[in-house]
Amino acid sequence: MKTTSRTSQRLNPVVFALLPLFLLGFLLSGCATVRSSAPVNSPSGVKTEPRVRPKPEDTPADETAALGNPAADADAAEPDAASDDDVQPAEEVVPSPLDELEVVPDVPASTLEKDKNIVAEALPEFDVPMVLNDRVVAYVDYFSTRHKEFFAASLMRSGRYVQAFQTVFEAAGIPKDLVFMAHVESAFKTNAYSRAKAKGIFQFIAGTGRRYGLRIDSWVDERSDPAKSAQAAAAYLKDLYGMFGDWYLALAAYNAGEGKIQRSLAQTRKNDFWQLASTRSLRAETRNYVPAILAATLIAKQPGKYGFDVQPEAPVPSEVVTIDGQTDLRVLARLAGVDPETLRQLNPQLRRGMTPPGSATEVKVPVGLADTVTQAYANLPAADRLVLARHEVVKGESIGAIAQRYGVSASAIANANRLGKGAAVKPGQELIIPAVAPPSTEFDVNRTSAVAYRVRRGDTLSRIATHYRTTAAAIASASGIGLHSNLSVGQRLVIPAKRSGSRAPVATAHNSRPAPAAGDDAPVVHTVRRGETLYRIADHYQVTVDQICALNRIAPNGVLYPGTRLKIRTN
């Protein structure tokens, strides 16, 4: 005890001597924190936030996409972590063109000067400011030479939407020419999906999409709805222009986030996009984003001038029906007498290819068919909208978890299996799942008109013929090509109409054995091929993705490897 007392006495003077230094350091740290949290006024009078890592809401376009090199910028934004951002099992998405564009087009000075003269000749009128500097002209050259195939396809797709989008933008009081930004954002693809989880024609991340009124959940994703996403984009652009008073800065903010642009203006004391782009305060993708949009606008308004000979696709006239409860688009397609792909293209916002349960959903159908579908659906017995899928319980599963996986309620499963409230299930137990019924495999027998089909990556005549229940020879003949012709992505094919009472055989050559006869309970064994998705396989066999997952005990969002063998019950 005496030793401890003497040690304590020796240390006390040291502690008292250091105490003022500790207090001084604490006070200085607090002052520094207060100063760094204060807003900074930029030269343009815009109040900016302190320099912090931007939130996902600050990055509506692809913050990590490859117009530039995102790894070079230490201020990279984190993608939205919400689970609804992830691709659902029944969704098919393609990479956003932002992920594929080169860093900076490398154009020789002599070519650049020649291109400038061509671009400057007989310019059309624009309602958005237009400049013809080296950056813009370089992207004109890039889109019309090395990236010509990509841009030609984008021009063709744009025909479906430009007129409607311009009406939306004009009603919002913003320049109509801004719709051409979609060439750079998504190439006018409703299923474009970036590495930063931005989605749709106007590439919203989930946070910004919800902020502007888009519904985003596991059933519906209105970022993929052309009309609603255009309205959200117009509102967001209008807000950005009100914030910056300059359309180039507004576009830069659409790509990088308003907080990022505000901070860059404050740090560099610039008040002009081109001056700001000459600094390193913006990452390369944002510096290139604005000139790429201006180049796309120049080409879109005069495609022939830049060597494009394309016929834009016509808008698809449609009307809306209200569907009460849950059903599959394939069921509605059968009621309407159209191909299921037609309804999928009209309703890309339905992530699972079906309407959500427990609510009324607006579904677009080809014009003139609304009354037919409404009446047929009203007369369709509830039992015909559902199928009893079978699920074998595995260790650790609960009724609630199984219900969530199939998108039905736990009470619905309990009622279908006569289980009491709170009943437990055991591994190996087979449950009946009230799921959405796929239509009969005869759904397209009554196809009385030819269908236009655009070739996708990985397509073959045989695969397309299988999907449409016809033959490769019939498609080749109707399309004016040879049976063994090479297909190119974007190529138009004609799927011939079916003759009354006929049914083409379903090709199963790529499966390990043929489909069983009616009444045979043995499953088909399907060998996965390169490029196939669970959705495509389910569509081919007219079953649901969840049925395949349950039978094979795989996750709906798992990776499918070529050569994997899947069991599929077709009856």
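In the next few minutes I will walk through the overall make-up of this chain, its nonpolar cores, one helix and its packing, and a few individual residues.

Please keep in mind throughout that what we are looking at is a predicted model. The chain has 571 residues, of which 48% count as buried, and its secondary structure comes to 21 helices and twelve strands. If we take the contacts in the chain with a separation of 6 or more, 70% of them are between residues 24 or more positions apart.

Let me turn to the interior. As a general point, nonpolar side chains in soluble globular proteins tend to be buried together. In this model the largest nonpolar core holds 69 residues, and the members that touch the most other members are Phe143, Phe202 and Tyr254. Helix H12, residues 284–301, supplies the largest share of this core, namely ten residues. There is also a second, separate core of 22 residues, with Ile323, Val331, Ala336 and Met354 among them.

Now to helix H3, which spans residues 134–144 and is mostly covered, since nine of its eleven residues are buried. Those buried residues are Val136, Val137, Ala138, Tyr139, Val140, Asp141, Tyr142, Phe143 and Ser144, and you will recognise Phe143 from the largest core. What lies over the buried part of H3? The cover includes helix H2 (109–120), helix H4 (148–158), helix H6 (182–185), helix H11 (273–277) and H12. At its N-terminal end H3 is capped by asparagine 133, which has a side-chain oxygen 3.2 Å from the backbone nitrogen of arginine 135.

The pairing of H3 with H4 can be described in some detail. Two packed helices are described by the angle between their axes and by the distance between those axes. Here the axes of H3 and H4 come within 6 Å and cross at roughly 85°, which means that H3 is roughly perpendicular to H4. On the H3 side, Tyr142, Phe143 and Ser144 take part, and they meet Lys148, Phe150 and Phe151 in H4. By character, the residues of this contact divide into four nonpolar, one polar and one charged.

I will finish with single residues, beginning with serine 264, which lies in helix H10, residues 258–268. Is serine 264 buried or exposed? Its relative accessible area is 1%, so serine 264 is buried. The side chain of serine 264 reaches the backbone oxygen of serine 281 at 3.5 Å, and, if neighbours within four places in sequence are set aside, serine 264 is in contact with Arg269, Leu276, Ser281 and Leu282.

Arginine 469 sits in the loop between helix H18 (461–467) and helix H19 (472–479), and it is buried, because its relative accessible area is 3%, under the 20% cut-off. Between arginine 469 and histidine 540 there are 9.5 Å in space, C-alpha to C-alpha, although the two are 71 residues apart in sequence.

Finally, two backbone details. Phenylalanine 188, in the loop between H6 and strand S4 (192–193), has a positive phi of about 60° although it is not a glycine, and at 1% relative accessibility phenylalanine 188 counts as buried. Lysine 197 is not a glycine either, yet it has a positive phi of about 70°; this lysine 197 is located in the loop between S4 and helix H7 (206–211).

Technical notes
Residues numbered from 1 in each chain as written. Predicted model: local features only at pLDDT ≥ 70, side-chain atom pairs only at ≥ 80, totals over all residues. Heavy atoms only, no water. Core = buried A, V, L, I, M, F, W, Y, C linked by side-chain atoms within 4.5 Å. Buried < 20%, exposed > 50% of the residue type's maximum accessible area, 1.4 Å probe, protein only. Helix = DSSP H or I, 4+ residues; strand = E, 2+ residues; numbered from the N terminus. Contact = heavy atoms within 4.5 Å. Polar contact = N/O pair within 3.5 Å; in protein donor to acceptor, adjacent residues only side chain to side chain. Axes fitted to C-alpha atoms, helices over the stretch in contact; angles between N-to-C directions. Parallel < 35°, antiparallel > 145°, perpendicular 65-115°, else oblique. Nonpolar A, V, L, I, M, F, W, Y, C, P; charged D, E, K, R; others polar.
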